[in-house]
Amino acid sequence: MRERTKSPLFLYQEMLKKLVEDLLQTALNERQDLFLIDFSFSGDNAIKIVIDGDDGVLVEDCIFVSRAIEHNIDKDEYDFSLEVLSSGAATPLVLPRQYSKHVGRSLEVTTLDNKKIEGELSAINNEGVVLKWKAREPKPIGKGKVTVAKEANIAFTAIKEAKVKIKF
């Protein structure tokens, strides 16, 4: 059986991708408050990097990461486009590290069984999050309703999607 050889274009793209990954890791090691959310590399050498930070992300942070990559790659040798952006306000939270800066904010969590829970993110731990909210429920005795404090402990592994609810 003959082994397939990789095309020169494939090898070129793999070298560029590895170089960008190494430079990105070096930049993120230098700035421990920033972390990677997404890294994509398309066939036309378009590189998209999405970052977040423990205290949010400023334009200067995106510029820092962009320069750490672009200024260390020979433009005559590699042809590519680079886009560095921050995780948006309406973007779902994907890493446990993202939750800590949202304590005290309203969160909408969809669990793996498609149950939606909305409440204030009151705490996080190594296993998951704690949401608190108030609900109106029928009185145990008599007519009418009463306001009841509710709490849910949700494991990270049970979260399908979590979004910060922005209130105006």
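Helices and strands here are DSSP runs, numbered from the N terminus. With that in hand, welcome to a short tour of this predicted model. Our starting point is Ser87, which sits in the loop between β3 (81-86) and α3 (96-99). From there we move on to the salt bridges, a sheet of 5 strands, and two asparagines with positive phi values.

**Ser87 and its surroundings**

- Ser87 has a relative accessibility of 15%, and because buried means under 20%, this loop residue counts as buried.
- Leaving aside residues up to four places away in sequence, Ser87 touches Ile37, Val50, Ile51, Asp52 and Gln98.
- One of these contacts, Asp52, belongs to strand β2 (residues 46-53) and will come up again with the salt bridges.

**Salt bridges**

- The structure holds 9 salt bridges, and a few of them are worth a closer look.
- Arg31, Asp33 and Asp61 are linked in a network of salt bridges.
- Within this network, the side chains of Arg31 and Asp33 meet at 2.8 Å, N to O.
- Arg31 also forms a salt bridge with Asp61, where the closest N and O atoms are 2.9 Å apart.
- Arg31 lies in the loop between α1 (8-30) and β1 (34-41), while Asp61 lies in helix α2 (residues 59-70), so this pair ties together parts that are 30 residues apart in sequence.
- How accessible are the members of the network? Arg31 is partly exposed at 22% relative accessible area, Asp33 is partly exposed at 26%, and Asp61 is buried at 8%.
- A further salt bridge joins Lys101 to Asp52, with the closest N and O atoms 2.4 Å apart.
- Since Lys101 lies in the loop between α3 and β4 (106-111) and Asp52 in strand β2, the pair ties together parts that are 49 residues apart in sequence.
- Here, too, accessibility can be given for each partner: Lys101 is partly exposed, with a relative accessible area of 27%, and Asp52 is buried, with 5%.

**The open sheet**

- An open sheet is built from 5 strands, in the order β7-β6-β5-β4-β8, with antiparallel pairing.
- β7 (145-155) and β8 (159-164) stand at the edges with a single partner strand each, so one side of each has no neighbour in the sheet.
- On average, neighbouring strands of this sheet are turned by 40° against each other, direction ignored.
- Strand β6 (residues 128-138) pairs with β7 in the antiparallel sense over 11 bridges.
- For a spot to find on the screen, try Arg136, whose bridge partner in β7 is Thr147.

**Two asparagines with positive phi**

- As background, most residues other than glycine have a negative phi.
- Asn45 has a phi near 65°, a positive value in a residue other than glycine.
- Asn45 lies in the loop between β1 and β2 and is buried, with a relative accessible area of 7%.
- Asn114 likewise has a positive phi, near 65°, and is not a glycine.
- Where is Asn114 found? Its place is the loop between β4 and β5 (116-124), and Asn114 is partly exposed, with a relative accessible area of 48%.

Notes: Residues are numbered from 1 along each chain as its sequence is written. This is a predicted model: local features need pLDDT of at least 70, side-chain atom pairs count only at pLDDT 80 or more; totals for chains, interfaces and linings use all residues. Side-chain values use heavy atoms; hydrogens and water are left out. Two strands pair if DSSP finds at least two bridges between them. Helices (H or I, at least four residues) and strands (E, at least two) are DSSP runs, numbered from the N terminus. Axes are lines fitted to C-alpha atoms, for helices over the stretch in contact, and angles run from 0 to 180 degrees between N-to-C directions. Buried means under 20% relative accessible area, exposed over 50%, partly exposed in between (1.4 Å probe, protein chains only). Contact means heavy atoms within 4.5 Å. A salt bridge is a side-chain nitrogen of Lys or Arg within 4 Å of a carboxyl oxygen of Asp or Glu.
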